[in-house]
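Here's a quick tour of one protein model, written for someone who likes to poke at pockets and contacts. Have a look at the structure first, then read on.

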Amino acid sequence: MTTKYHPLFSILLLAIPALVSTQIYSQDVQELKLKDYRPVSIYKTPQANILKAKYPAIDLHTHDYPKTDAEVDNWVSIMNEAGIEKSVILSYNTGAAFDAIVKKYSRYPDRFEVWCGFDYTGMDQPNWSQRAVAELVRCHQMGAQGVGELGDKGLGELYSKPTPGLGMHINDPRMKPLLAKCAELGMPISIHVAEDAWMYLPADPTNDGLMNAAKWKVDMSKPGILDHDQLVVTLEEAVRDNPKTTFIACHLANCNADLNQLGKLLDRFPNLYADVSARYAEFAPIPRFAKAFMEKYSDRLVYGTDMGISREMYRTTFRILESADEHFYELNRFGYHWPLYGLNLSTKTLKKMYNGNARRIMGK
């Protein structure tokens, strides 16, 4: 027996999804929360689909993401697809933990380098520097070709394991023997200082990076904390006072709101480089200015990611560096609500950033 329905019933069935969608997304704009704002670009402009880096890339800013050998194998497979020649693992670690990380990647000696941290254990005790230098030398003998990621967001070197260097900034006199030994051993130092300017501004309606800025906001009420510019000065002084040591300022020294601040340092110090890792969303909104900066300092900038392991992540970095794409969003990856643009960097600059500068830094 066939049941007959009124023709309007079929029309209503088709309309339900649209009605539900309208109910969800069509609301009083006065009640719309910024966290729920998910803009979609409707511009009909050319879009690149770059699956692989234009030139073999050395990623100078990754971390120990895989937990198993199978996950390491999968990472290598993704690197092959993306054109990543080598990844530098910034381990933060010393001691047995560092040794274990080296062992994890030892099956792929040509695809990974593991860099160590500094051991701040007992840093307030006599002869700490000598002990820390001895551990640095041991890590170098175990395979560490560099140091990093050191990290200072105002209270001192927090990233190194097993002991954070609270109260110890990169320009501290106690650091001098370590920095000198890095020069002697040919070990570059990857260092993160501060955060970008949005993270120091009030989380209010004037902050155009509001959601991301609120997540990473720097609490300047903590006793003894250094602000952005003070931290950049600690880097400046360490680079100045250790001219034979190579430094790599992570994330463009967190000067994306004022790239000229980093440019002045690059002009003064030939032993300073900077990586572009995890700041693609900060410089992609200003493509003309960022491109001019990167072309000018093409001898001093290196490729890095610092955003985990995925095909889509690598492709996003290639799109921003290589393409001329306009007005696109990466809301889930970056957390900002502003549109991004491709920089369309020159062939010459891409070659240097993807591998040329890294090979010079690594002595390859």
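## Around His63

Leaving aside neighbours within four places in sequence, which residues is His63 in contact with? Keep in mind that this is a predicted model. The list runs Trp75, Ile89, Leu90, Tyr92, Tyr105, Glu149 and Asp306.

As for where to find His63, look in the loop between strand S1 (57–62) and helix H2 (69–82). Its relative accessibility is 9%, and because buried means under 20%, His63 counts as buried. The side chain of His63 also makes polar contacts: one of 3.1 Å with the side chain of Asp306, and one of 3.3 Å with the side chain of His61. Asp306 is thus a name to remember here, being on the contact list of His63 and a polar partner of its side chain.

## The largest pocket

If you're after space, the largest pocket holds about 540 Å³. It has 26 lining residues, and those closest to the centre are Asn212, Lys215, Trp216, Ala278 and Arg279. Helix H6 (210–215), helix H9 (280–283) and helix H12 (331–334) are the elements that give two or more residues to this lining. H12 gives the most, with four residues.

Chemically, the lining of the largest pocket is a mix: 12 nonpolar, eight charged and six polar residues.

## The second largest pocket

Next up is the second largest pocket, with about 190 Å³ of space. Its lining has 12 residues, and Val102, Phe112, Glu113, Val114 and Gly143 lie nearest the centre. At least two lining residues each come from helix H3 (95–105) and strand S3 (112–115). S3 gives the most, with three.

Sorted by class, the lining of this second largest pocket comes out as seven nonpolar, three polar and two charged residues.

## Helix H5 and its buried face

Which residues of helix H5 (residues 176–185) are buried? They are Leu178, Leu179, Lys181 and Cys182, so a lysine sits in the buried set. Looking down the axis of H5, the buried residues fall within an arc of 160°, so they line one face of the helix.

What covers the buried residues of H5 is a mix of helices and strands, including helix H4 (128–142), helix H7 (228–241), strand S4 (147–152), strand S7 (189–193) and strand S8 (247–249). After H5 comes Gly186, with a positive phi near 70°.

Methods: Residues are numbered from 1 along each chain as its sequence is written. This is a predicted model: local features need pLDDT of at least 70, side-chain atom pairs count only at pLDDT 80 or more; totals for chains, interfaces and linings use all residues. Side-chain values use heavy atoms; hydrogens and water are left out. Buried means under 20% relative accessible area, exposed over 50%, partly exposed in between (1.4 Å probe, protein chains only). A polar contact is a pair of N or O atoms within 3.5 Å; within protein, one must be able to donate a hydrogen and the other to accept it, and residues adjacent in sequence count only if both atoms are side-chain atoms. Contact means heavy atoms within 4.5 Å. On a 1 Å grid over the protein atoms alone, a cavity is a set of points where a 1.4 Å probe fits but cannot get out, and a pocket is an open set with protein on both sides within 12 Å along at least five of seven lines; lining residues have an atom within 4 Å of a point. Grid points are joined across faces, edges and corners, and a volume is the space filled by probe spheres set on the points. Ala, Val, Leu, Ile, Met, Phe, Trp, Tyr, Cys and Pro count as nonpolar, Asp, Glu, Lys and Arg as charged, and the others, Gly among them, as polar. The arc is that of the directions from the helix axis to the C-beta atoms.
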